[in-house]
Each structure stands twice: as C-alpha cells, then as structure tokens.
Amino acid sequence: MSVEAAQKLVAQALGLGDVGAIDGIGTLAEWDSLGHMHIVLALETQLGARLTPEDIVSITGVADVARKLGG
C-alpha cells in the first residue's frame, strides 16, 4: 500500500477532507486519543488483523500507517 492509501485511511478515520504525508499526532488536532483509536480500528479493518499494543503506540503519523499497510 502507498502513502496515499495511508493518507486516505487517516483522513477518513478522523473525518477530514485531506491529510498530508507528513501529518501526525503533532500536526492534526483531530489526532487525539479518540482519533488515534479510530485510526487503529480503521487500520485493523484494512489489515484484517489486530494490532499489538506495541504497534498501536508506535503509530504517530501517516508514515507509520503506511508502514503498517506494507508500504
């Protein structure tokens, strides 16, 4: 999966129109604790698998989502 797919997943999970490739916890007000769980759930749905607690806390930006998606 590409960074663009990760951007789309994050944007949809957070209810945003557009998310940049370098966006993350520090750049998006919507990426708070609840937003983070929305992203985790969307990612788990996309992957068809549960993330480990270590995986969940390691996701801090769009690039991390892309890596989890395999891109």
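Helices here are DSSP runs of H or I with at least four residues, numbered from the N terminus. The model to which the exercises refer is a predicted one.

**Exercise 1. Place Ala21 in the chain, and determine its exposure and its contacts.**

Step 1. Helix 1 covers residues 3–14 and helix 2 covers residues 33–47, and Ala21 lies in the loop between these two elements.

Step 2. The relative accessible area of Ala21 is 37%; because buried means under 20% and exposed means over 50%, a residue in between is classed as partly exposed, and this is the class of Ala21.

Step 3. When residues up to four places away in sequence are not counted, Ala21 touches Val3, Gln7, Val62 and Ala63.

Step 4. For Ala21 and Gln46, a sequence separation of 25 residues goes with a C-alpha to C-alpha distance of 19 Å.

**Exercise 2. Describe the largest nonpolar core and the surroundings of Ile39.**

Step 1. The largest nonpolar core has 19 residues, and those with the most contacts inside it are Val10, Trp31, Ile39, Leu43 and Val65.

Step 2. Two or more residues of this core are given by each of helix 1, helix 2 and helix 4, the last of which spans residues 62–68.

Step 3. Helix 1 supplies the largest share of this core, namely six residues.

Step 4. Leaving aside residues up to four places away in sequence, Ile39 touches Leu9, Val10, Ala13, Leu14, Trp31 and Val65.

**Exercise 3. Find the salt bridges, and classify the exposure of the residues that form them.**

Step 1. The criterion is a side-chain nitrogen of Lys or Arg within 4 Å of a carboxyl oxygen of Asp or Glu, and by this rule there are two salt bridges.

Step 2. One of them joins the side chains of Asp55 and Lys68, with an N to O distance of 3.0 Å; this pair links distant parts of the chain, since Asp55 belongs to helix 3 (residues 53–58) and Lys68 to helix 4, 13 residues apart.

Step 3. Asp55 counts as partly exposed at 23% relative accessibility, and Lys68 likewise counts as partly exposed, at 27%.

Step 4. A salt bridge also joins the side chains of Asp64 and Arg67, at 2.3 Å from N to O; both residues lie in helix 4, three residues apart, which is about one turn of the helix.

Step 5. Asp64 has a relative accessible area of 13% and is therefore buried, whereas Arg67, with a relative accessible area of 54%, is exposed.

Key. Residues are numbered from 1 along each chain as its sequence is written. This is a predicted model: local features need pLDDT of at least 70, side-chain atom pairs count only at pLDDT 80 or more; totals for chains, interfaces and linings use all residues. Side-chain values use heavy atoms; hydrogens and water are left out. Buried means under 20% relative accessible area, exposed over 50%, partly exposed in between (1.4 Å probe, protein chains only). Contact means heavy atoms within 4.5 Å. A nonpolar core is a set of buried Ala, Val, Leu, Ile, Met, Phe, Trp, Tyr and Cys residues joined through side-chain atoms within 4.5 Å.
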